[in-house]
Amino acid sequence: MANSAEFARVEQFLRSKFRNPEIALGEGEDSAEMTVRGRRHGAVYRVVDEGEISYDLQMMIRSRRKMDQDDETASGISEEERDGLERHLHTTLGHQGLELALDDSSPDSAEVSVDGEFMGVISKIQDEGATSYDLHISILDIDIA
(Lines give C-alpha, C1' and ligand atoms only; values in the text may rest on other atoms or scores of the structure.)
Protein backbone atom coordinates (compact mmCIF):
# COMPACT_ATOMS: atom_id res chain seq x y z
CA MET A 1 0.00 0.00 0.00
CA ALA A 2 1.36 3.41 -0.98
CA ASN A 3 1.35 6.38 1.29
CA SER A 4 0.92 10.04 0.49
CA ALA A 5 4.67 10.65 0.89
CA GLU A 6 5.43 8.21 -1.96
CA PHE A 7 3.02 9.91 -4.36
CA ALA A 8 4.32 13.31 -3.24
CA ARG A 9 7.83 12.20 -4.31
CA VAL A 10 6.46 10.90 -7.64
CA GLU A 11 4.66 14.23 -8.13
CA GLN A 12 7.89 16.13 -7.44
CA PHE A 13 9.76 13.87 -9.88
CA LEU A 14 7.20 14.54 -12.64
CA ARG A 15 7.19 18.29 -11.95
CA SER A 16 10.97 18.36 -12.11
CA LYS A 17 11.32 16.09 -15.16
CA PHE A 18 8.74 18.02 -17.20
CA ARG A 19 9.63 21.38 -15.63
CA ASN A 20 5.98 21.94 -14.87
CA PRO A 21 4.87 22.91 -11.34
CA GLU A 22 1.21 22.50 -12.38
CA ILE A 23 1.41 18.68 -12.49
CA ALA A 24 -0.44 17.31 -9.47
CA LEU A 25 -1.21 13.84 -8.15
CA GLY A 26 -4.29 13.14 -6.08
CA GLU A 27 -4.31 10.94 -3.02
CA GLY A 28 -4.88 7.22 -3.25
CA GLU A 29 -3.78 3.93 -1.82
CA ASP A 30 -2.24 2.28 -4.87
CA SER A 31 -3.03 4.86 -7.56
CA ALA A 32 -3.32 8.60 -7.90
CA GLU A 33 -5.06 10.72 -10.50
CA MET A 34 -2.72 13.03 -12.42
CA THR A 35 -3.94 16.51 -13.26
CA VAL A 36 -2.29 19.40 -15.06
CA ARG A 37 -3.74 22.85 -14.46
CA GLY A 38 -6.66 21.16 -12.71
CA ARG A 39 -7.61 18.94 -15.66
CA ARG A 40 -7.34 15.13 -15.44
CA HIS A 41 -4.85 13.67 -17.89
CA GLY A 42 -3.95 10.27 -16.49
CA ALA A 43 -3.10 8.23 -13.45
CA VAL A 44 -0.06 6.89 -11.65
CA TYR A 45 -0.18 3.32 -10.38
CA ARG A 46 2.08 1.85 -7.71
CA VAL A 47 3.51 -1.48 -8.91
CA VAL A 48 5.20 -4.07 -6.72
CA ASP A 49 7.00 -6.82 -8.63
CA GLU A 50 9.18 -9.32 -6.78
CA GLY A 51 9.62 -6.84 -3.95
CA GLU A 52 10.68 -3.99 -6.25
CA ILE A 53 8.50 -0.87 -6.28
CA SER A 54 7.90 1.29 -9.33
CA TYR A 55 5.23 3.70 -10.51
CA ASP A 56 3.48 3.56 -13.87
CA LEU A 57 2.20 6.81 -15.37
CA GLN A 58 -0.57 6.06 -17.85
CA MET A 59 -2.19 8.62 -20.14
CA MET A 60 -4.81 7.93 -22.80
CA ILE A 61 -4.85 10.39 -25.69
CA ARG A 62 -7.88 10.20 -27.93
CA SER A 63 -7.64 11.22 -31.56
CA ARG A 64 -10.11 13.92 -32.51
CA ARG A 65 -10.48 12.77 -36.09
CA LYS A 66 -12.49 9.78 -37.18
CA MET A 67 -10.71 7.15 -39.23
CA ASP A 68 -11.73 6.74 -42.83
CA GLN A 69 -11.50 3.42 -44.67
CA ASP A 70 -7.87 4.00 -45.67
CA ASP A 71 -6.95 4.62 -42.02
CA GLU A 72 -8.58 1.37 -40.92
CA THR A 73 -6.14 -0.68 -42.98
CA ALA A 74 -3.14 1.51 -42.19
CA SER A 75 -1.06 0.62 -39.21
CA GLY A 76 1.73 2.33 -37.43
CA ILE A 77 2.21 5.84 -36.21
CA SER A 78 2.77 8.22 -39.11
CA GLU A 79 5.13 11.19 -38.93
CA GLU A 80 2.08 13.46 -39.01
CA GLU A 81 0.60 11.62 -36.01
CA ARG A 82 3.95 11.77 -34.19
CA ASP A 83 4.15 15.53 -34.74
CA GLY A 84 0.59 15.99 -33.46
CA LEU A 85 1.26 13.81 -30.41
CA GLU A 86 4.42 15.77 -29.62
CA ARG A 87 2.49 19.06 -29.83
CA HIS A 88 -0.22 17.64 -27.58
CA LEU A 89 2.29 16.41 -25.00
CA HIS A 90 4.23 19.71 -25.13
CA THR A 91 0.99 21.56 -24.39
CA THR A 92 -0.28 19.09 -21.78
CA LEU A 93 2.93 18.38 -19.88
CA GLY A 94 4.55 21.73 -20.60
CA HIS A 95 8.00 20.58 -21.73
CA GLN A 96 9.32 21.42 -25.19
CA GLY A 97 12.22 18.95 -24.86
CA LEU A 98 9.82 15.99 -25.05
CA GLU A 99 10.28 14.01 -28.28
CA LEU A 100 8.79 10.90 -29.88
CA ALA A 101 11.03 8.61 -31.92
CA LEU A 102 9.44 6.26 -34.45
CA ASP A 103 10.91 2.80 -34.93
CA ASP A 104 10.24 0.71 -38.05
CA SER A 105 10.63 -2.51 -36.06
CA SER A 106 7.69 -1.51 -33.83
CA PRO A 107 5.44 0.62 -36.06
CA ASP A 108 2.50 0.94 -33.63
CA SER A 109 4.61 2.55 -30.92
CA ALA A 110 7.15 5.31 -30.41
CA GLU A 111 9.76 5.94 -27.74
CA VAL A 112 9.25 8.99 -25.57
CA SER A 113 12.27 10.93 -24.39
CA VAL A 114 12.75 14.13 -22.43
CA ASP A 115 15.93 16.07 -23.12
CA GLY A 116 17.34 12.96 -24.80
CA GLU A 117 16.60 10.64 -21.84
CA PHE A 118 14.30 7.67 -22.51
CA MET A 119 11.13 7.99 -20.43
CA GLY A 120 8.56 5.59 -21.86
CA VAL A 121 6.51 4.38 -24.79
CA ILE A 122 3.41 5.60 -26.57
CA SER A 123 1.31 3.01 -28.41
CA LYS A 124 -1.36 3.45 -31.07
CA ILE A 125 -4.66 1.66 -30.49
CA GLN A 126 -7.29 1.31 -33.19
CA ASP A 127 -10.67 -0.01 -32.14
CA GLU A 128 -14.07 0.17 -33.83
CA GLY A 129 -13.23 3.13 -36.06
CA ALA A 130 -11.53 5.16 -33.35
CA THR A 131 -7.86 5.80 -32.71
CA SER A 132 -6.28 6.50 -29.34
CA TYR A 133 -2.76 6.50 -27.98
CA ASP A 134 -1.58 5.06 -24.68
CA LEU A 135 1.41 6.68 -22.97
CA HIS A 136 3.26 4.61 -20.35
CA ILE A 137 6.13 5.99 -18.32
CA SER A 138 7.71 3.79 -15.64
CA ILE A 139 9.30 5.52 -12.68
CA LEU A 140 11.62 3.43 -10.53
CA ASP A 141 11.61 3.75 -6.77
CA ILE A 142 15.28 4.80 -6.89
CA ASP A 143 14.33 7.72 -9.19
CA ILE A 144 12.22 9.29 -6.46
CA ALA A 145 14.45 8.47 -3.48
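In the predicted model, helix 3 comprises 15 residues, from 79 to 93. The distance from its first C-alpha to its last is 20 Å, close to the 21 Å expected at 1.5 Å a residue. Buried positions in helix 3 are Glu-81, Arg-82, Leu-85, Glu-86, Leu-89, His-90, Thr-92 and Leu-93. Immediately after helix 3, Gly-94 adopts a positive phi of about 85°.

Helix 1, formed by residues 4–17, has 14 residues and spans 20 Å between its terminal C-alpha atoms, close to the expected 20 Å. Its buried residues are Glu-6, Phe-7, Val-10, Glu-11, Phe-13, Leu-14 and Lys-17. These residues lie on the same side of helix 1, because they cover an arc of only 160° around the axis. A positive phi, of about 50°, is found at Arg-19, just after helix 1.

At the level of the whole protein, three helices and eight strands are present, and their order along the sequence is α-β-β-β-β-α-α-β-β-β-β. The radius of gyration is 16 Å, close to the 15 Å given by the globule rule for 145 residues; the protein is therefore as compact as a globular protein of that length. Along the principal axes, the C-alpha atoms fill a box of roughly 50 × 30 × 25 Å.

Of the 145 residues, 41% count as buried. Among contacts with a separation of 6 or more, 46% are contributed by residues 24 or more positions apart. The exposed surface of the protein amounts to about 8600 Å², of which carbon and sulfur atoms supply 43%.

Terms used:
Residues numbered from 1 in each chain as written. Predicted model: local features only at pLDDT ≥ 70, side-chain atom pairs only at ≥ 80, totals over all residues. Heavy atoms only, no water. Helix = DSSP H or I, 4+ residues; strand = E, 2+ residues; numbered from the N terminus. Expected span 1.5 Å × (residues − 1). Buried < 20%, exposed > 50% of the residue type's maximum accessible area, 1.4 Å probe, protein only. Arc of directions from axis to C-beta. Rg over C-alpha atoms; globule rule 2.2 N^0.38 Å. Contact = heavy atoms within 4.5 Å. Areas by Shrake-Rupley, 256 points an atom, 1.4 Å probe, with all protein chains shown as cover.
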